[in-house]
Amino acid sequence: MKAHDGMYIDGAWRPAVGTDTIEVVNPVDEQVLGRVPAGTAEDVDTAVRAARAAFPAWAATPPAERAARLGALRDVLTARKDEIAETVTAELGSPLSFSQAVHATVPILVAGSYAELAATYAFEEKVGNSTVYQEPIGVVGAITPWNYPLHQIVAKVAPALAAGCTVVLKPAEDTPLTAQLFAEAVAEAGVPAGVFNLVTGLGPVAGQALAEHPDVDLVSFTGSTAVGRRIGATAGAAVKRVALELGGKSANVILPSADLAKAVNVGVANVMSNSGQTCSAWTRMLVHAAQYEQAVELAATAAAKYGDRIGPVVNAKQQARVRGYIDKGVAEGARIVAGGPEFPREQGYFVQPTVFADVTPEMTIAQEEIFGPVLSVIPYEDEEDAVRIANGTVYGLAGAVWASDEAEAVAFARRLDTGQVDINGGRFNPSAPFGGYKQSGVGRELGAHGLSEYLQTKSLQF
Ligand code: NAD
């Protein structure tokens, strides 16, 4: 797609106040794909005013009308699926087949789920002698990362619109073209002017201005824990609602009764997909000591198969960061059994799919989020030890448990301090709540839980 040289504000593409731009680079060949405006606090203010002006009318629309607009949005995303996949591949670098199967498809499911929820949700209920209303919070400032560029946007904008909120979106600087495409889709879906607005720009400039804007009622942020902490502090000082979807360091716990080969293979695939740039990736594989060497061998073989099949990471900074972590793993005594720190190609931000063995739970690579195709295999002695290691990070976003008996896996999963657990490779559910325990965040996205983040409660007594 061709980059817009404006911002989508109040139903039209308008020039930014300043003249600075952001270069969008293809991570595969390092070529510049286009430029988008680098918005400033003034652009953010214009967008927030538009969202505020549009709020009363949108909040008052019957839920059925909001459901119809979301249904139309789902249909536009479906019709433009190929273009979306190509755009994500161009600016994120993910293989086209993955962009088609995941980046372009999941947002259709999520938009569809909110079309349905808007039509069926109980925005009003009777509690004894009271009527309790769920009302939209107001203007939402949405700040999103680049790793699943469209999914992250739809996971905020669809529930916000379903609730009756209006939105200003500040997408990640690496993937603004997908965000522009989404703005086109919103317009095509007949969403009224000002209900959805897009300001492209840098995080510390446009993002910060949005997070600090006094007329934003709720800040919904997905990104790093470092930035999330700041945004949470700013929102706290203003007594403002905030939703934070942050980092993760999820454990894939393989219990001794599990099908080891299957659990290892699915676990490696999970970490390598999207080049390891998935917040919920199971980057720590926990295996019983008696099965450890066998699991390491299986993991190394599985990872080697991904050699040429994964895309690059998103940019040069991220590539250097991932290599820094691989070097650190070696320096702290872990053993590389697949991949390594050397970049596999001269051009593009590629990193080798890497597996570490002999990782102890305290090592940096077992504690910090790497956000690259790097897996640590960690031995445990018994179930108590596995629980302790799995819960032994500041994060708690996701995880996996494998066992021959589902009840055994469920009992273990209930002991994990984490927001989502896949049992024996369970399938993605676009309506299941997603979000973190501990420093992985505050609040939930997707499904009815995600919708309730954008609502506030009023009760009338009779
Ligand atoms: P990041 O925090 O650097 O950026 C995320 C967004 O915040 C971008 O739009 C960026 O421009 C903006 N931003 C940066 N500084 C800001 C500031 N001072 N004020 C306001 N906005 C600012 O994160 P990233 O590197 O783009 O994304 C990777 C991180 O996101 C990883 O830690 C990953 O785990 C996390 N993530 C979490 C989830 C989840 O659902 N929990 C999903 C995807 C990614």
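This dialogue goes through a helix pair, a sheet and two loop residues in a predicted model.

User: What should I know about the model before reading it?

Analyst: It is predicted, so local features need pLDDT of at least 70 and side-chain atom pairs count only at pLDDT 80 or more, while totals for chains, interfaces and linings use all residues. Residues are numbered from 1 along each chain as its sequence is written, and side-chain values use heavy atoms, with hydrogens and water left out.

User: At what angle do the axes of helix α1 and helix α8 cross?

Analyst: Helices are DSSP runs of H or I with at least four residues, strands are runs of E with at least two, and both are numbered from the N terminus. An axis is a line fitted to C-alpha atoms, for helices over the stretch in contact, and angles run from 0 to 180 degrees between N-to-C directions. Here the axes of α1 (residues 41–60) and α8 (residues 203–212) come within 8 Å and cross at roughly 40°. Angles under 35 degrees count as roughly parallel, over 145 as roughly antiparallel, 65 to 115 as roughly perpendicular and the rest as oblique. α1 and α8 are therefore oblique to each other.

User: Which residues in α1 and α8 meet?

Analyst: Contact means heavy atoms within 4.5 Å. On the α1 side are Ala41, Val44 and Val48, which meet Ala206, Ala209 and Leu210 in α8.

User: How are the three strands of the open sheet ordered?

Analyst: Two strands pair if DSSP finds at least two bridges between them. The order is β5-β6-β20, with antiparallel pairing. β5 (124–127) and β20 (455–461) are at the edges, each with a single partner strand, so one side of each has no neighbour in the sheet. On average, neighbouring strands of this sheet are turned by 25° against each other, direction ignored. Four bridges join β5 to the antiparallel strand β6 (residues 130–136). Glu124 stands opposite Tyr133 in β6.

User: Where does Asp10 lie, and what is the sign of its phi?

Analyst: Asp10 is in the loop between β1 (7–9) and β2 (12–14). Its phi is near 55°, a positive value in a residue other than glycine. For accessibility, buried means under 20% relative accessible area, exposed over 50%, and partly exposed in between, with a 1.4 Å probe and protein chains only. Asp10 has 36% relative accessibility, so it counts as partly exposed.

User: What about Lys438?

Analyst: Phi of Lys438 is near 50°, a positive value in a residue other than glycine. Lys438 sits in the loop between β18 (422–423) and β19 (441–442). With a relative accessible area of 38%, Lys438 is partly exposed.
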